[in-house]
Amino acid sequence: MAYQNFNMDHQWLPFTPNRSFAKDPRVFVAADGMMFTTHDGKQVIDGISSLWCVAAGHNRKPINEAIKKQLDTLDYATAFQASNDQAFVAAEMIAAMAPGDLNKVLFCNSGSEAADTSLKVALAYHRARGEGHRNVFIGRERGYHGVGFGGMSVGGIPANRKVYGTALLPRVDHMRFIHDPVNHAYIHGQEPVWTEDLLAELENRILPLHDPSNIAAIIIEPISGSAGWYLPPQGYVKRLREICDKHGILLIFDEVITGFGRLGCNFGADFYGVVPDMLNFAKCVTNGVIPLGGVICSDRIYDTMMGAHSNAPEHAIEFFHGYTYSGHPVACAAAIATLELLKQDKLFERAGQMGKVLGDAMHSGLKGLPNVIGIRTLGLAGAVELAPIAGTPGKRAFDIFMTCYHHGVLVRPAGENLVVCPPYIVEKEHIDRIVNVLADAIVQHA
Ligand SMILES: Cc1ncc(COP(=O)(O)O)c(C=O)c1O
């Protein structure tokens, strides 16, 4: 199909430079396995699981069939005051995969909605316990929690925040970023070991400033994904849990990227051996086919919210929150089929194995190239960081992304990084091709 067949005047593209896109469009018209077909008939490798979503590769028949069957059975049903069978089955499967007492799934449709939902649960939970004054949230510099006002406020990516001023939530603070470009520029499948205590700032400055008794929740991505795959120091996540426990603060893991196998296990929580109070998910759960997100809450949170209503009339709603499409039956049918497929094909284990292949390829193929100042790989993902061009932040990474695309490889520019996070079905030949094309593009733009 030639793209002249459609009019490009009416779609305002998200997180995309629209003016340059119009001059050099990138339009996919079909996908299968690891490959896209473009509007002008080219093949492009999906080196980023289409924004970290397509774990099992494109066009998986069991998922497609489950969706078709669900459409012919129950297309949609109201989510309020009633529900559907698929939502219960999907919730049970997801709760069974989650660690500890994370057993109650509040569905939504995206990572942004999951972020805002989790922040609202935190406030409602503390109020239910008689601590409604706990309303301070703490995020982290360069954290990404989507584009709702809550997620933006606890998020720490400056470009996403800078034009929203006082519309951002008040009473939000941010922990410092987790990167040390001098001592830990290159990370190859291991947790960086810092001599400095990165959480001393939280304990000694941020908590005393707000008073810990006022803090509702701390939210982190176990690994900073959207910023460019930045990894926390060894012991950081565990110590954060201890600090939260000491002060009665809820810990929220935003696992929209680390959830469902990217690190070779179910969740980042499993990888770090830490159980949060809430775990947000969205990507991969339906293999990207249909939007679905959610927050897995602990039994303690749920029981507290229900307990607070023990004297309320039976018809009283305990949590005034939800989306028209919470637990949509077609999305949940897709999730059930996806989770079955991931399990049946042992794709989480495969992500772990292929992560080593990717890590080896990125470190051996990219280290030492012009302007490369860091490479971080862990699980089935990696980022190569480049020295910025003075005065035009992000341009080098964008130009490299474009050149890779024109050579049939989709990678993701994130600040000064190029990120690679392929579907778990990736083969060594794809990885070699992705890294070779990336290497050539880095040299070309030196
Ligand atoms: C950690 C994290 N949280 C939230 C989001 C937002 O998800 P969505 O784009 O589905 O709203 C993302 C998206 O990349 C993410 O990586």
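This is a short tour of a predicted model, with stops at a pocket, a threonine and a ligand.

**The second largest pocket**

Start with the second largest pocket, which holds about 1,200 Å³ of space. Its lining has 37 residues, and those closest to the centre are Ala79, Val105, Leu106, Tyr302 and His321. Select these five to find the middle of the pocket. Next, colour helix H4 (85-97), strand S4 (102-108), helix H5 (111-128) and helix H11 (299-307); each of them supplies at least two residues of the lining. By residue type, the lining divides into 22 nonpolar, 11 polar and four charged residues.

**Thr117**

Stay with helix H5 and select Thr117, which is found there. Is Thr117 buried or exposed? Its relative accessible area is 1%, so Thr117 counts as buried, the cut-off being under 20%.

Now show the side chains around Thr117. One polar contact, of 2.8 Å, runs from the Thr117 side chain to that of His321. Another, of 3.3 Å, links the side chains of Thr117 and Tyr323. Leaving aside residues up to four places away in sequence, Thr117 touches Leu106, Val295, His321 and Tyr323. Leu106 and His321 were selected earlier, among the residues closest to the pocket centre.

**The ligand**

Move to the ligand. The residues that surround the ligand include Ser110, Ser112, His145, Glu221, Asp254 and Ile257. Three further residues from its surroundings are worth selecting, Gly111, Tyr144 and Lys283:

- Gly111: a polar backbone atom is 2.9 Å from an oxygen atom of the ligand.
- Tyr144: a backbone N or O atom lies 3.4 Å from a ligand nitrogen atom.
- Lys283: a polar side-chain atom lies 3.0 Å from an oxygen atom of the ligand.

Note on methods
Residues numbered from 1 in each chain as written. Predicted model: local features only at pLDDT ≥ 70, side-chain atom pairs only at ≥ 80, totals over all residues. Heavy atoms only, no water. 1 Å grid on protein atoms, 1.4 Å probe; cavity = no way out; pocket = protein on both sides within 12 Å on 5 of 7 lines; lining within 4 Å. Points joined across faces, edges and corners; volume = space filled by probe spheres on them. Helix = DSSP H or I, 4+ residues; strand = E, 2+ residues; numbered from the N terminus. Nonpolar A, V, L, I, M, F, W, Y, C, P; charged D, E, K, R; others polar. Buried < 20%, exposed > 50% of the residue type's maximum accessible area, 1.4 Å probe, protein only. Polar contact = N/O pair within 3.5 Å; in protein donor to acceptor, adjacent residues only side chain to side chain. Contact = heavy atoms within 4.5 Å. Near = heavy atom within 4 Å.
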